[in-house]
Amino acid sequence: MGGIEDFDLTAAGLRADGADLASGLEVLAAKLEDALGRQTRVQRKRKLLGKPGPVSQIDVRIGECRYSVCPGPSGPNASRLREVGGIAIKRESLSIDDWLTGLARDLEVEAQRSAEARASLDRLLN
């Protein structure tokens, strides 16, 4: 599956800070929402008059894991929460590289289990 590297390059803006981080989160949010639909939840800060603002958090549920990323003062804050039967059993803070790698790996595993997940992964990587 050669697209994992492409996904990593698309998310490279997350490794930066400031405006690059904000635009990287916007790109990643759009790709994940488009590719994964209901598995992705994007929260946004509100601007005046209730207009949507910049991304404040992205949550992706894949199998028994929930991946979350949000902007922080010195770069992205990323974590993975493992759940069994709806009960959180382990929360890990991750570097953005480990977050992206873990998300891509879990998407691959899920894609092997499900044709729908495979189509979602293909949309994400292309």
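This dialogue works through a predicted model of one protein chain.

Student: What should be known about the model before reading it?

Tutor: The model is predicted, so local features need pLDDT of at least 70 and side-chain atom pairs count only at pLDDT 80 or more, while totals for chains, interfaces and linings use all residues. Residues are numbered from 1 along each chain as its sequence is written, and side-chain values use heavy atoms, with hydrogens and water left out.

Student: Which element has the lowest mean pLDDT, and which the highest?

Tutor: pLDDT is the predictor's confidence in each residue, from 0 to 100. Where pLDDT is low, the predicted coordinates should not be read in detail. The protein chain averages 81, and 84% of the residues score at least 70. Among the elements, helix 1 (residues 3–10) has the lowest mean, 51, and strand 3 the highest, 93.

Student: In what order do the elements run?

Tutor: Helices (H or I, at least four residues) and strands (E, at least two) are DSSP runs, numbered from the N terminus. The protein chain has four helices and five strands, in the order α-α-β-β-β-β-β-α-α.

Student: How much of the protein chain counts as buried?

Tutor: Buried means under 20% relative accessible area, exposed over 50%, and partly exposed in between (1.4 Å probe, protein chains only). Of the 126 residues, 41% count as buried.

Student: Which residues touch the most other members of the largest nonpolar core?

Tutor: In soluble globular proteins, nonpolar side chains tend to be buried together. A nonpolar core is a set of buried Ala, Val, Leu, Ile, Met, Phe, Trp, Tyr and Cys residues joined through side-chain atoms within 4.5 Å. The largest one here has 26 residues, and L32, I58, V60, W99 and L103 touch the most other members. Helix 2 (19–36), strand 2 (52–62), strand 3 (65–72), helix 3 (96–113) and helix 4 (115–125) each supply at least two residues of this core. Helix 2 gives the largest share, seven residues.

Student: What does I58 touch?

Tutor: Contact means heavy atoms within 4.5 Å. Leaving out residues up to four places away in sequence, the contacts of I58 include L25, L28, A29 and L32, as well as Y67, S68 and V69. R41 is also among the residues that I58 touches.

Student: Which residue pairs with R41 in a salt bridge?

Tutor: Side chains of opposite charge can pair when their charged atoms come close. A salt bridge is a side-chain nitrogen of Lys or Arg within 4 Å of a carboxyl oxygen of Asp or Glu. The structure holds five salt bridges. One of them joins R41 and D59 (3.6 Å, N to O). R41 lies in strand 1 (residues 40–46) and D59 in strand 2, so the pair ties together parts that are 18 residues apart in sequence. R41 is partly exposed, at 48% relative accessible area, whereas D59 is buried, at 5%.

Student: Which residues are joined into one network by salt bridges that share partners?

Tutor: E92 forms a salt bridge with R80, the closest N and O atoms being 2.9 Å apart. E92 is in strand 5 and R80 in strand 4 (residues 75–84), 12 residues apart. Both count as buried: E92 at 18% relative accessibility and R80 at 10%. R82 and E92 also meet in a salt bridge (4.0 Å, N to O). R82 is partly exposed, with a relative accessible area of 31%. The shared partners join R80, R82 and E92 into one network.
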